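Trainee: I have a new model open on my screen. Could you show me how to read it, one feature at a time?

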Amino acid sequence: MTQGRVNPSQTLATNGIKGLGAVHYNDIEPTLVEKALLRGEGSLGRGGALLVNTGTHTGRSPLDKFVVRTPSVENKIWWENNPPMEPAAFDRLYDDMREHMKGREYFVQDLYGGADPRHRLDVRMVTELAWHSLFIRHMLRRPERDELDEYLPDFTIINCPSFAADPKRHGCRSSTVIALNFDKKLILIGGTEYGGENKKAVFTLLNYLLPENGIMPMHCSANHALNDPEDAAIFFGLSGTGKTTLSADPSRTLIGDDEHGWSDEGTFNFEGGCYAKTISLSREAEPEIYATTEKFASVVENMVFDPETRQVDFEDDSLTANMRCAYPLHYISNASKTSMGGQPKNIIMLTCDAFGVLPPIARLTPAQAMYHFLSGFTSKVAGTERGVTEPEPTFSTCFGAPFMPRRPEVYGNLLRQKIANSGATCWLVNTGWTGGAYGTGSRMPIKATRALLTAALNGTLNDVEFRVDPNFGFDVPVDVDGVANVLLDPRRTWDNPETYDRDAKRLVKMFADNFAQYLSHIDDDVKAVALG
């Protein structure tokens, strides 16, 4: 049984997925909330939000993600970072998943990945859960209803949480699987209810496809000056480094909070919504993001709530520290209506330094920017991936290694070209620890980070005095209005400066050891930065 608006030549049955129960095409938000509640997938929260629990998987499963190894992609995929799956194993997986789907109810959303019509990807999402359909409807771009009559998907993603993969039969690692087949334009997800797998599957697709068109795909947030889309800024960073919080600046217009492209025309959001971490959210510090947890059809994921009042608890991380809320961009009052901006004037690289060594902000040369982009140093924050319970220092190239199908140099060279063409100023911002490492020091004050970013984005930071950092060679401001001077020199924030020197030396060595893998692939000026 088929329900909803769909191109009649593009039903699941006409595309080889037959024998299903009811199939719901392109349901809108009220319908999906209603069906999710009727199916027992969640609870109705305050303001009409949908409160859901993802069970065992409360974060991504990067070790269970595979790329099908075919001749067309053999020389393009970064195989060390993307475990291969044989085509025959994928075919068995697809056959078994279709057999599993028979007789079951499914939800289909026909959506766009990319706000710029010139570069967007048409993605069909097929989900077993109604709330997954609502989630991805928030996260991607929604066509007008009459556009659905002629919609032709470029790629299809099928997500069956109740399907358990067989490692021996399907060539995977566990009962959880995310398998990408670029030749068949198909992604299969099984064995996980975590909503983030849906959106990151689309991001991985765009990360593979767009570089061939000279477009830089970026794991970043972005905003632009009020009434001036040409004054854009991008914020690279892994989950937990502050991408969502820092880009949602009420004095600027939000383009998006997580995934963007940088083309010759400018910056554009891949998504139509936000997926914000909600742990320790404050109504005072982040009122708009806080308010989304009580707005109609927001998907509130893995937050403990009072069963009587339905009030969510922002401090209770007994389910996971990776509690989140997914909501459409228009729930943020200063969000851009087009989700597009001009060429970035400022590039911010966010890092969460658990060693407490890096300064709160530093200005980078283009070669230093390439070095830190390829390094992607940060700390994995508790809950973002399975098994991470406290901050772990890590190097995630391009600030998003789990989502990068191609070799890092592809993205690094694209970024370098874009910086050269735009003349953008690059900054490294530490939102991690100061006054000591994790367990001894304290988190960088967000008030200071905001003040430094404001000065960087409005240009006043370029006019202050800078010193050269003895460990990394980048420029660090000496005195900035509204920020305590001692904070700008991390060594002075430690009780024992000699301990700081020891840890700084250790971190520099970690950078050098990690970067050795890129030395044969980079230009001499970046190599000079790497070798000190």
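**Cysteines, rings and cores**

Mentor: Gladly! Keep in mind that this is a predicted model. Let's begin with a cysteine: the sulfur of C398 is 12 Å from the closest cysteine sulfur, in C220, too far for a bond.

Trainee: Why is that too far for a bond?

Mentor: Because a disulfide needs two cysteine sulfur atoms within 2.5 Å. C160 is a similar story: the closest cysteine sulfur to its own is in C172, 14 Å away, too far for a bond.

Trainee: How many disulfides does the count come to?

Mentor: Zero disulfides.

Trainee: And are these two cysteines buried or exposed?

Mentor: C160 is buried, with a relative accessible area of 0%. C398 counts as buried too, at 1% relative accessibility.

Trainee: Next, the aromatic rings. How many aromatic pairs are there?

Mentor: The count comes to 23 aromatic pairs. To read a pair, look at the distance between ring centres and the angle between planes. Take Y194 and Y275: their ring centres are 6.3 Å apart and their planes are at 50°, so the pair is tilted.

Trainee: Where in the chain do those two tyrosines lie?

Mentor: Y194 is in the loop between strand 11 (186-190) and helix 5 (196-209), while Y275 is in strand 17 (residues 273-277). The pair links distant parts of the chain, 81 residues apart. Both Y194 and Y275 are buried. Y275 has another partner as well: the charged end of R324 sits over its ring, 4.7 Å from the centre.

Trainee: Which charged end sits over the ring of W79?

Mentor: That of R69, 4.4 Å from the ring centre.

Trainee: What does an edge-to-face pair look like here?

Mentor: Try F515 and Y518, with 5.2 Å centre to centre and 70° between the planes. Both F515 and Y518 are buried. They also belong to a cluster linked by ring pairs, along with Y371, F377, F395, F472, F474 and F511.

Trainee: Last one: how many residues does the largest nonpolar core have?

Mentor: It has 48 residues, and F236, I347, M349, F373 and L415 have the most contacts inside it. Helix 8 (residues 366-375) gives the largest share of this core, six residues. Click on F236 and look beyond its neighbours within four places in sequence: its contacts include I347, M349, F373 and L415, and also C220.

Trainee: Which residues does the second core include?

Mentor: Among them are L50, I157, I178 and Y208; this separate core has 45 residues.

Note on methods: Residues are numbered from 1 along each chain as its sequence is written. This is a predicted model: local features need pLDDT of at least 70, side-chain atom pairs count only at pLDDT 80 or more; totals for chains, interfaces and linings use all residues. Side-chain values use heavy atoms; hydrogens and water are left out. Buried means under 20% relative accessible area, exposed over 50%, partly exposed in between (1.4 Å probe, protein chains only). Rings of Phe, Tyr and Trp (its six-membered ring) pair if their centres lie within 6.5 Å; planes under 30 degrees apart count as stacked, over 60 as edge-to-face and the rest as tilted. Helices (H or I, at least four residues) and strands (E, at least two) are DSSP runs, numbered from the N terminus. A charge sits over a ring if NZ of Lys or CZ of Arg is within 6 Å of the ring centre and within 35 degrees of the ring normal. A nonpolar core is a set of buried Ala, Val, Leu, Ile, Met, Phe, Trp, Tyr and Cys residues joined through side-chain atoms within 4.5 Å. Contact means heavy atoms within 4.5 Å.
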